[in-house]
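Hi everyone, thanks for coming. Could you all bring the model up on your screens before I start?

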Number of protein chains: 2
Amino acid sequence: MQIETVTEKQRVNAARKLKKMFGGIDYTNMPHCPIRDVMAFVSDKWSTLIILHLGYFPVLRFNELKKKVFGVSNKVLSERLKQLEGDGYVQRTVYPEVPIRVEYNLTDFGHSYLQKLIELTEWAENHKNYVINNRENFKK
Amino acid sequence: MQIETVTEKQRVNAARKLKKMFGGIDYTNMPHCPIRDVMAFVSDKWSTLIILHLGYFPVLRFNELKKKVFGVSNKVLSERLKQLEGDGYVQRTVYPEVPIRVEYNLTDFGHSYLQKLIELTEWAENHKNYVINNRENFKK
DNA sequence: CTGTATCCTCTCAGATACTG
DNA sequence: CAGTATCTGAGAGGATACAG
């Protein structure tokens with residue numbers, strides 16, 4: 001697979017942004033690092049899967065999500081949905097019928113995040129084989 | 001904080017990409033989902049921190065990394081570096097001096113990934129306060 | 001200096017049963 | 001249907017000591 005070259009201009013730009021990110025960090029006294037908070041929140045497998053699925057299926061109910069997001073347990077799905085709702089990514093709508101019906105969909109903010117997530121997923125898809133290849137050769 | 005609006009065009013585009021991603025998925029028989037593999041590999045806290053640091057400091061030795069990537073243990077740092085090397089993100093160079101010197105730096109592929117990571121981190125930085133705000137209000 | 005080996009803790013998540 | 005409650009196990013990761 002061909003790896004697209006990162007141009008000099010891109011690298012300079014990256015360096016500038018990194019400097020902005022790292023600039024204020026004091027390694028000797030760092031109760032919590034902003035970058036770290038941010039990465040922790042991005043890096044939850046189930047949350048990202050939930051958001052991607054709600055991107056593809058605009059509205060889903062609890063048990064529909066449970067089927068789509070294969071392998072997730074009641075507990076974790078419930079926890080993550082509450083968290084995603086609390087953070088503003090997901091809207092939860094209750095229809096007080098019998099039996100009760102609850103629908104989930106992305107908010108505008110959720111869609112904004114979805115864009116980033118798709119970009120990342122695309123990148124990963126495109127380079128998956130390259131990584132797998134490397135990994136195989138490295139073992140030898 | 002102002003959330004930038006996701007345009008209709010962007011949403012349509014996202015839907016198209018999601019369709020491509022989700023299109024081939026059979027929920028009834030899915031030993032492993034490609035999206036999932038991909039997300040798992042993206043979503044390791046220590047790996048992302050290592051890559052971001054190697055983006056900012058072009059070359060780092062083992063113990064330097066250990067100081068910068070605050071809180072990481074020998075074991076985990078060593079594991080992740082081996083993995084990142086094996087996958088092709090990081091180059092490891094040994095100088096057989098006494099005492100031995102080992103240097104780590106990003107490969108071109110690593111820089112390509114770094115670009116994506118920075119974009120994501122920037123997004124997260126920009127929306128951090130919005131999320132924290134939501135979270136506070138949700139508790140009430 | 002750059003790791004590896006070992007042990008040990010402790011969280012997270014899966015399974016199951018149950019409730020409004 | 002949409003979750004909550006409880007229990008349990010696996011496994012990730014921290015601390016420490018040690019090796020090349």
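I'll go through the two copies, then the sheets, then the DNA.

First, some housekeeping. This is a predicted model, so to speak of local features we need pLDDT of at least 70, and side-chain atom pairs count only at pLDDT 80 or more, while totals for chains, interfaces and linings use all residues. Residues are numbered from 1 along each chain as its sequence is written, chains are lettered from A and ligands numbered from 1 in the order in which they are written, and side-chain values use heavy atoms, with hydrogens and water left out.

Okay, the two copies. In general, two copies of a chain are related by a rotation about an axis and a shift along it. Here, chain B lands on chain A after a rotation of 180° with 0.0 Å of shift along the axis, and the RMSD is 0.0 Å. That superposition is by least squares on the C-alpha atoms of residues with pLDDT of at least 70 in both copies. So the two copies are related as by a two-fold rotation axis. Which C-alpha of chain B is nearest the axis? That of B:S43, at 2.2 Å. And both copies use the same surface: 100% of the contact residues of chain B recur in chain A, where contact means heavy atoms within 4.5 Å.

Next, the sheets. When I say helix or strand, I mean a DSSP run (helices are H or I with at least four residues, strands are E with at least two), numbered from the N terminus. Two strands pair if DSSP finds at least two bridges between them. If you haven't met this before, strands of a sheet pair through backbone hydrogen bonds, either parallel or antiparallel.

Start with chain A. Its open sheet has three strands in the order β1-β3-β2, with antiparallel pairing. The edge strands of chain A are β1 (60-61) and β2 (90-95), each pairing on one side only. Between β2(A) and β3(A) there are six bridges, in the antiparallel sense, and A:R92 has A:Y104 as its bridge partner in β3(A). Helix α3 of chain A, residues 45-56, packs on this sheet and touches β1, β2 and β3 of chain A, with its direction making about 95° with that of β3(A). For angles like that, axes are lines fitted to C-alpha atoms, for helices over the stretch in contact, and the angle runs from 0 to 180 degrees between N-to-C directions.

Now chain B. Again we have an open sheet of three strands, β1-β3-β2, with antiparallel pairing. β1(B) and β3(B) are antiparallel and share two bridges; there, B:R61 has B:E103 in β3(B) as its bridge partner. β2(B) and β3(B) are antiparallel too, with six bridges joining them, and B:Y95 sits opposite B:R101 in β3(B). A hairpin of five residues takes you from β2(B) to β3(B).

Something fun about that loop. In general, most peptide bonds are trans. But the bond joining B:V98 and B:P99 is cis, with omega about 0°, and B:P99 is in the loop between β2 and β3 of chain B. In chain A, the bond from A:V98 to A:P99 is cis as well.

Finally, the DNA. I call a residue near a strand if one of its heavy atoms lies within 4 Å of it. How many residues surround DNA strand C? There are 18, and the closest are A:K75, B:R61, B:S78, B:R92 and B:Y104. Of the strand C atoms within 4 Å of the protein, 70% belong to sugar or phosphate, and the rest to bases.

Let's look at some polar contacts, meaning pairs of N or O atoms within 3.5 Å. With phosphate oxygens of DNA strand C, a polar side-chain atom of B:S78 is at 2.4 Å, a side-chain N or O of B:R61 is at 2.9 Å, and a polar side-chain atom of A:R80 is at 3.0 Å.

Over at DNA strand D, 18 residues are around it too, and among the nearest are A:S78 and B:K75. The side chain of A:Y104 puts an N or O atom 2.6 Å from a phosphate oxygen of DNA strand D. Backbone atoms join in: a polar one of A:N63 is 3.3 Å from a phosphate oxygen of strand D, and one of A:V102 is 3.4 Å from a phosphate oxygen of that strand.

That's it from me, thanks for listening!

Terms used. A polar contact is a pair of N or O atoms within 3.5 Å; within protein, one must be able to donate a hydrogen and the other to accept it, and residues adjacent in sequence count only if both atoms are side-chain atoms.
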